[in-house]
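The following note sets out numbered remarks for a colleague reviewing this entry. Please read each point beside the sequence and the coordinates.

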Amino acid sequence: MRPDRVGRSARGDDEADLVAAAKAGDRSAFDELVRRTYRDVYTLAHRLSGNVHDASDITQDVYLRAYRSLGRFRGDSRFSTWLYRIAANCGSTHLTRRRRRRAEEIDEDSSPVVDDRPGSDPALRAEASHTLGQIEAAVARLPERLRSVVVLRDVHELPHREVADALGITESAAKVRLHRARRKLTEYLSTDDEEVVRSAGGGEDEARAV
């Protein structure tokens, strides 16, 4: 057996021990699980929400729900996959509430709502199409159901089976959503490229006219 496989197996056994201890009421074991998974959960929350403030709120909700529901974790999937499933649900709930609040604010105040999604700044949209800023902006434009699957598969590199498990859908449905999400991203990035080219061309025409 390869050494790296041994390492992964040992880490898996260690995680199982921590989960068992946490389910038995050992708070320090749960704290250790949080420490090991926090970065990935926060990254997922940030990708789903598009901003730091919402990501922090979602991450807090994830671990609060996980702690309360730990007794129902059966170990059929990895603990991190279970957390991703909770994060996807928390993210969807949080974003729904955010849209509802904004709708209420619009009803009460006609002032424009600030778009805090990545890439909303015109300066970022003017950058080359393959920069990180534009890719994040394109991901943020995806519908939630497509954004979740592309983040889990292409950012966190989960296998299709674990993506499906995290989202509570079939593996076939996960593959279909991923295909649609990637197609949408290609369309968004291509459109951004065309806008940049048109903008640059217009500037040159104006310069020649002067």
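1. T81 is found in helix α4 (residues 79–108); helices here are DSSP runs of H or I with at least four residues, strands are E runs of at least two, and both are numbered from the N terminus. The residue counts as buried because its relative accessible area is 0%, where buried means under 20%, exposed over 50% and partly exposed in between, with a 1.4 Å probe and protein chains only. Not counting residues up to four places away in sequence, T81 touches E162, D165 and A166, a contact being heavy atoms within 4.5 Å. T81 and E162 are 81 residues apart in sequence, yet their C-alpha atoms are 6.6 Å apart in space.

2. The basis of these remarks should be stated. This is a predicted model, in which local features need pLDDT of at least 70 and side-chain atom pairs count only at pLDDT 80 or more, while totals for chains, interfaces and linings use all residues. Residues are numbered from 1 along each chain as its sequence is written, and side-chain values use heavy atoms, with hydrogens and water left out.

3. As to the overall architecture, the chain has nine helices and zero strands, giving the pattern α-α-α-α-α-α-α-α-α along the sequence. Of its 210 residues, 34% count as buried. Among contacts with a separation of 6 or more, 59% are between residues 24 or more positions apart. The accessible surface comes to about 12900 Å², and carbon and sulfur atoms account for 50% of that area; areas come from the Shrake-Rupley method with a 1.4 Å probe, and for residues only the protein chains shown count as cover.

4. The contact partner of T81 named above, E162, belongs to helix α8 (residues 160–167), whose buried residues are E162, V163, A164, A166 and L167. After α8 comes G168, which has a positive phi near 70°.

5. H156 lies in the loop between α7 and α8. Is this histidine buried or exposed? It counts as buried, because its relative accessibility is 17%. Leaving out residues up to four places away in sequence, H156 touches D40, T43, L44, Y84 and V151. The C-alpha atoms of H156 and L44 are separated by 7.9 Å, although the two residues are 112 residues apart along the chain.

6. R147, in helix α7 (residues 144–155), merits a check by the reader. This arginine is buried yet has no salt bridge, and the nearest side chain of opposite charge, E144, is 5.7 Å away. A salt bridge is a side-chain nitrogen of Lys or Arg within 4 Å of a carboxyl oxygen of Asp or Glu. Apart from neighbours within four places in sequence, R147 is in contact with R47, L48, S49, L95, V139, A140 and L142.

7. The structure holds ten salt bridges. In one of them, R36 pairs with D14, with the closest N and O atoms 2.5 Å apart. This pair links distant parts of the chain, R36 being in helix α2 (residues 27–49) and D14 in helix α1 (residues 3–23), 22 residues apart. R36 counts as partly exposed because its relative accessibility is 39%, and D14 likewise counts as partly exposed, at 30%.

8. R36 also meets E32 in a salt bridge (3.0 Å, N to O). E32 and R36 both lie in helix α2, four residues apart, or about one turn of the helix. E32 is partly exposed, at a relative accessible area of 22%. A network of salt bridges links D14, E32, R35 and R36.

9. A further salt bridge joins D76 and R74, with 3.3 Å between the closest N and O atoms. D76 counts as exposed because its relative accessible area is 62%, and R74 is exposed at 71%.

10. On the surface, R145, R180, R183 and K184 form a positive patch. Patches consist of residues with over 30% relative accessible area and no salt bridge, with like charges joined within 9 Å. Helix α9 (residues 171–209) gives the most to the positive patch, with three residues. R180 is placed in helix α9 and is partly exposed, with a relative accessible area of 40%.

Conventions
Lys and Arg count as positive and Asp and Glu as negative; His and the chain ends are not counted. Patches are made of residues with over 30% relative accessible area and no salt bridge: like charges are joined within 9 Å, nonpolar side chains (Val, Leu, Ile, Met, Phe, Trp, Tyr) within 5 Å. The place of a charge is taken as NZ of Lys, CZ of Arg, CG of Asp or CD of Glu.
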